[in-house]
Amino acid sequence: MIGACESLAVLEGLHPLKHALRFGAQVLEVACRDEDELGRLAAELAPDVRERIEALARPVEQEVFDQLAPFAPSTGVISLARRPVQDLPTVLADERSGPLVLLEDPRDLGNLGACVRVAAAAGAAGVLSTGTHDPWHPDVLRGAAGLHFALPVMRLGKIEQLDGRDRPLLAIDPAGDPLVPSELPARALLAFGTERYGLSGELSAHADARLSIPMRRGVSSLNLATSVAAVLFAWRLCGA
């Protein structure tokens, strides 16, 4: 049974709220320091959803607002939204050509959020993660600027949940064959490991192929979100 807190998403700041509304989130509460200031910011940064923001916003005292998050957002707004219900078989069966991103045990929450953000921008089919971190943690949502609502984002309990998939699993690995963007298969499942350890032997054993990102000699690795961005936009710029 999922607890009430686990079914909600905390959106810290205006940009996560803006994106949540744009992509159909059910926003339940919007607390702000100053309604007038929020209206001015929304008119400048989110005019398409300004009226909805203003209708939802409720002012709270400064002392109360400062206790709603470890670091009060400078834009003066914090919101609660309902997490969408997501189903792994449905995500895997999506017939659109976009790749699906698989992050194995990502360690940094902000970096995980940046992966979600770039996946949404590139038009990926979704982001899956393994490990102990909740991909809907407030720190991840902050790093993603609320773009979790633009595509499926969910955590896998174990790699075996991918058995029976009809997507080719491609491991992004420095020892793999050089990536040729035009040859990326449709609906690929792109697996990325941690920066320090790379992909586990278990996940690599499930891979249909291993691909490497071309880099200048002497450079040993890329930041996780940078690697995801490089592969996804290589795919997108090839005519996705």
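Buried means under 20% relative accessible area, exposed means over 50%, and partly exposed lies in between (1.4 Å probe, protein chains only). Helices (H or I, at least four residues) and strands (E, at least two) are DSSP runs, numbered from the N terminus. The model is predicted: local features need pLDDT of at least 70, side-chain atom pairs count only at pLDDT 80 or more, and totals for chains, interfaces and linings use all residues. Residues are numbered from 1 along each chain as its sequence is written, and side-chain values use heavy atoms, with hydrogens and water left out.

**Exercise 1. The whole chain**

Task: Describe the fold content and the overall dimensions of the protein chain.

Solution:
- Step 1. Take the elements. The protein chain holds nine helices and 10 strands.
- Step 2. Check the radius of gyration, taken over C-alpha atoms; the globule rule is 2.2 Å times the number of residues to the power 0.38. The radius is 19 Å and the rule gives 18 Å for 240 residues, so the protein chain is as compact as a globular protein of that length.
- Step 3. Read the extents. The C-alpha trace spans about 55 × 40 × 35 Å along its principal axes.
- Step 4. Look at burial. Of the 240 residues, 45% count as buried.
- Step 5. Look at contacts (heavy atoms within 4.5 Å). Among those between residues at least 6 apart in sequence, 81% join residues at least 24 apart.

**Exercise 2. Helix α9**

Task: Compare the expected span of helix α9 with its modelled span, then find what its buried residues pack against.

Solution:
- Step 1. Set the rule. The expected span of a helix is 1.5 Å times one less than its number of residues.
- Step 2. Apply the rule. Helix α9 covers residues 224–237, and its 14 residues should span 20 Å. Its end C-alpha atoms are 20 Å apart, which agrees.
- Step 3. List the buried residues. In α9 they are Leu-224, Ala-225, Ser-227, Val-228, Val-231, Leu-232, Ala-234 and Trp-235.
- Step 4. Recall helix geometry. An α-helix has 3.6 residues a turn, so residues three or four places apart point the same way.
- Step 5. Find the partners. The buried residues of α9 pack against β5 (100–103), α6 (109–122), β8 (169–178) and β9 (189–192).

**Exercise 3. Helix α6**

Task: Repeat the span check for α6 and name what covers its buried residues.

Solution:
- Step 1. The 14 residues of α6 should span 20 Å, and its end C-alpha atoms are 20 Å apart, which agrees.
- Step 2. The buried residues of α6 are Leu-109, Asn-111, Leu-112, Gly-113, Cys-115, Val-116, Val-118, Ala-119 and Ala-122.
- Step 3. Their cover includes β5, β6 (126–129), α7 (138–144), β7 (153–155) and α9.

**Exercise 4. Contacts of Val-101 and Leu-179**

Task: Place Val-101 and Leu-179, and find which residues of α9 they touch.

Solution:
- Step 1. Val-101 is found in strand β5. Val-101 is buried, at 0% relative accessible area.
- Step 2. Beyond four places in sequence, Val-101 touches Gly-126, Val-127, Leu-128, Leu-190, Phe-192, Val-228 and Leu-232. Val-228 and Leu-232 are among the buried residues of α9.
- Step 3. Leu-179 lies in the loop between β8 and β9. Leu-179 is buried too, at 12%.
- Step 4. Beyond four places in sequence, the contacts of Leu-179 include Leu-184, Val-231 and Ala-234. Val-231 and Ala-234 are also buried in α9.
- Step 5. Add a distance. Leu-179 and Val-231 are 52 residues apart in sequence and 8.3 Å apart in space, C-alpha to C-alpha.

**Exercise 5. Phe-65 and Leu-68**

Task: Decide whether Phe-65 and Leu-68 are buried or partly exposed, and trace their contacts.

Solution:
- Step 1. Phe-65 is found in helix α4. Phe-65 is buried, with a relative accessible area of 0%.
- Step 2. Leu-68 lies in the loop between α4 (62–65) and β4 (77–82). Leu-68 is partly exposed, at 39%.
- Step 3. Set aside neighbours within four places in sequence. Leu-68 is then in contact with Ala-31 and Ile-78. The residues that Phe-65 touches include Ala-31 and Ile-78.

**Exercise 6. Positive phi**

Task: Locate Asp-105 and Arg-187, and give their phi values.

Solution:
- Step 1. Asp-105 is in the loop between β5 and α6. Its phi is near 50°, a positive value in a residue other than glycine. Asp-105 is partly exposed, at 25% relative accessibility.
- Step 2. Arg-187 is in the loop between β8 and β9. Its phi is near 60°, again positive in a residue other than glycine. Arg-187 is buried, at 10%.
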